[in-house]
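Work through these exercises with the structure open. Try each task before you read its solution.

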Amino acid sequence: NRLPREITKRARHRACVVLPMCLVKNEPSVLFTKRSDDLRRHKGEVCFPGGMVDDEDHSIVEAGLRELHEEIGIEPKSVDVLGILRCDWSEVHSLTGVAVTPVCGYLGSIDNTEFKLNPMEVKNCFTVPVVELLDKANWTLQRFNAPVFRVPGDTEEEKVVWGLTGYILHRFTRLLPSVLFENEGVSRSISFSIERGDIS
């Protein structure tokens with residue numbers, strides 16, 4: 001197990017997001033946040049919890065878990081960190097101008113979880129069942145643009161996933177058919193597409 005890896009000076013100007021997998025009424029789902037309308041950048045957008053690496057963070061993973069806790073109140077110790085989602089780092093950088101590392105974490109059942117949202121950063125949060133993420137009808141794919149996911153029934157388009165989040169989510173759906181969410185954890189068959197500790 002190579003996680004976590006220390007952050008070198010070369011990696012200081014980096015960011016991390018956590019892709020939170022969970023169970024909602026025993027249904028495999030993914031958790032999203034909607035950014036506050038008061039933020040200067042990307043306000044009101046759907047995203048994964050995350051942010052820039054701080055000087056006190058000892059690893060990319062630690063940075064992601066810190067942001068997860070600061071934004072929605074999930075304790076780092078309650079997250080089963082599975083690894084780093086394999087991405088084309090040049091594509092990620094082209095979308096954001098920053099090297100962003102997606103960390104996959106399993107929260108378990110969140111049926112009784114009381115999220116403590118930071119109102120300065122997060123407007124609300126919601127979950128989407130895996131079965132909807134795998135439905136191609138919910139995706140818009142265009143050449144030279146990041147994939148866009150629309151939650152079924154979202155007539156107000158309040159839950160449109162696009163940009164970097166859409167890119168990461170679409171990459172993740174490629175391995176979802178091999179992932180088995182269970183009451184006591186996640187099948188490690190996921191490891192073929194998630195690299196433990198690879199932050200390069």
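This is a predicted model. Phe 144 sits in the loop between strand 8 (139-140) and strand 9 (148-150). Start there.

**Exercise 1.** Is Phe 144 buried or exposed? What is the sign of its phi angle?

Solution.
- Step 1. Take the relative accessible area of Phe 144, which is 75%.
- Step 2. Compare it with the cut-off: exposed means over 50%. Phe 144 is therefore exposed.
- Step 3. Read phi. For Phe 144 it is near 70 degrees, a positive value in a residue other than glycine.

**Exercise 2.** Find the place of Glu 157 and classify its exposure.

Solution.
- Step 1. Glu 157 lies in the loop between strand 9 and strand 10 (160-161).
- Step 2. Its relative accessible area is 44%. Buried needs under 20% and exposed needs over 50%, so a value in between counts as partly exposed. That is the class of Glu 157.
- Step 3. Phi of Glu 157 is near 55 degrees, again positive in a residue other than glycine.

**Exercise 3.** Work out the order of strands 8, 9 and 10 in their sheet.

Solution.
- Step 1. The sheet is open, has three strands and runs in the order 8-9-10, with antiparallel pairing.
- Step 2. Strand 8 and strand 10 are the edge strands, since each pairs on one side only.
- Step 3. Look at the join of strand 9 to strand 10: two bridges link them. Arg 150 stands opposite Val 160 in strand 10.
- Step 4. Recall the general rule: strands of a sheet pair through backbone hydrogen bonds.

**Exercise 4.** Which residues does Leu 133 touch, leaving out those up to four places away in sequence?

Solution.
- Step 1. Place Leu 133 in the largest nonpolar core, which has 31 residues. Leu 133 is one of those that touch the most other members; Phe 32, Phe 149 and Leu 169 are also among them.
- Step 2. List the contacts of Leu 133: Val 30, Phe 32, Val 128, Trp 139, Phe 149, Leu 169, Thr 173 and Leu 176.
- Step 3. Apart from this core lies another, of 18 residues, including Ile 60 and Val 103.

**Exercise 5.** How many nonpolar, polar and charged residues line the second largest pocket?

Solution.
- Step 1. Note the volume of this pocket, about 230 Å³.
- Step 2. Find its lining, which includes Glu 91, Leu 141, Asn 145, Tyr 167 and Arg 174. Helix 2 (89-96) and helix 4 each supply at least two lining residues.
- Step 3. Sort by class: five nonpolar, four polar and three charged.

Terms used: Residues numbered from 1 in each chain as written. Predicted model: local features only at pLDDT ≥ 70, side-chain atom pairs only at ≥ 80, totals over all residues. Heavy atoms only, no water. Helix = DSSP H or I, 4+ residues; strand = E, 2+ residues; numbered from the N terminus. Buried < 20%, exposed > 50% of the residue type's maximum accessible area, 1.4 Å probe, protein only. Pairing = 2+ DSSP bridges. Core = buried A, V, L, I, M, F, W, Y, C linked by side-chain atoms within 4.5 Å. Contact = heavy atoms within 4.5 Å. 1 Å grid on protein atoms, 1.4 Å probe; cavity = no way out; pocket = protein on both sides within 12 Å on 5 of 7 lines; lining within 4 Å. Points joined across faces, edges and corners; volume = space filled by probe spheres on them. Nonpolar A, V, L, I, M, F, W, Y, C, P; charged D, E, K, R; others polar.
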